[in-house]
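Work through the exercises below with the sequence and the model open. Each task is followed by its solution in steps.

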Amino acid sequence: MRGGEGRRLLSKVLLALFLILTPVSAFAVNPDEVLSNPALEHRARQISAQLRCMVCQNQSIDDSNAELAKDLRVLVRQRLTDGDTDGQVIDYVVSRYGEFVLLNPRLSTKTIILWAMPIGLLVVGIFALVVFVRSRPSRRPADALSAEEKARIDELLGQ
């Protein structure tokens with residue numbers, strides 16, 4: 001085998017291994033869940049991508065194979081076919097499962113406090129550090145002893 005042929009073979013083997021070992025994102029939406037109306041199906045997919053699977057917790061219900069995710073996908077599609085808007089569908093799911101079901105939480109008092117807390121703690125920490133540094137006694141070198149003080153020390157030490 002020549003050098004060029006060996007390199008080609010090696011590159012083909014590496015490519016094959018890469019393709020085999022690369023995870024393929026499998027969509028969990030089953031064919032029986034898909035709506036016949038493409039516009040409604042597109043809206044359902046957009047909503048499903050925003051909702052967290054309560055079982056998996058790091059996947060949207062659109063990507064999850066969990067039974068609860070399937071039930072939520074069916075619920076979303078049912079609400080859309082009943083005429084609900086996207087916001088009404090999301091509000092309905094949030095009313096049943098809480099804010100945690102949203103992959104991107106809404107801006108509210110709770111989330112503002114949550115996001116502002118690290119900044120607040122940093123400011124408090126800097127303030128405490130400044131107060132601590134300013135209240136420390138300064139470490140100035142001691143003044144040299146006078147001749148009288150040296151004599152007194154020598155007398156006390158018995159020298």
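Helices (H or I, at least four residues) and strands (E, at least two) are DSSP runs, numbered from the N terminus. The model is predicted, so local features need pLDDT of at least 70 and side-chain atom pairs pLDDT 80 or more, while totals for chains, interfaces and linings use all residues. Residues are numbered from 1 along each chain as its sequence is written, and side-chain values use heavy atoms, without hydrogens and water.

**Exercise 1.** Place S60 and state whether S60 is buried or exposed.

Step 1. S60 belongs to the loop between α2 and α3.

Step 2. Buried means under 20% relative accessible area, exposed over 50%, and partly exposed in between (1.4 Å probe, protein chains only). With a relative accessible area of 6%, S60 is buried.

Step 3. A contact means heavy atoms within 4.5 Å. Leaving out residues up to four places away in sequence, S60 touches S48, A49, L51, R52, C53 and L103.

**Exercise 2.** Check the length of α2 and find which side of α2 is buried.

Step 1. The expected span of a helix is 1.5 Å times one less than its number of residues. For the 13 residues of α2 this gives 18 Å, and the end C-alpha atoms are 19 Å apart, which agrees.

Step 2. The buried residues in α2 are L40, E41, A44, I47 and S48.

Step 3. The arc is taken from the directions from the helix axis to the C-beta atoms. These residues cover an arc of only 125°, so they lie on the same side of α2.

Step 4. Their packing partners are α3 and α4.

**Exercise 3.** Describe the largest nonpolar core.

Step 1. A nonpolar core is a set of buried Ala, Val, Leu, Ile, Met, Phe, Trp, Tyr and Cys residues joined through side-chain atoms within 4.5 Å.

Step 2. The largest one has 19 residues, of which I47, L51, I61, V76 and L80 touch the most other members.

Step 3. At least two residues each come from α2 (38–50), α3 (67–81) and α4 (86–97). The largest share, 5 residues, is from α3.

Step 4. Not counting residues up to four places away in sequence, L80 touches L40, R43, A44, I47, D86 and V89.

**Exercise 4.** Which rings have a charge over them?

Step 1. A charge sits over a ring if NZ of Lys or CZ of Arg is within 6 Å of the ring centre and within 35 degrees of the ring normal.

Step 2. The charged end of R52 is over the ring of F100, 4.4 Å from its centre.

Step 3. R79 lies over the face of Y92, 3.8 Å from the ring centre.
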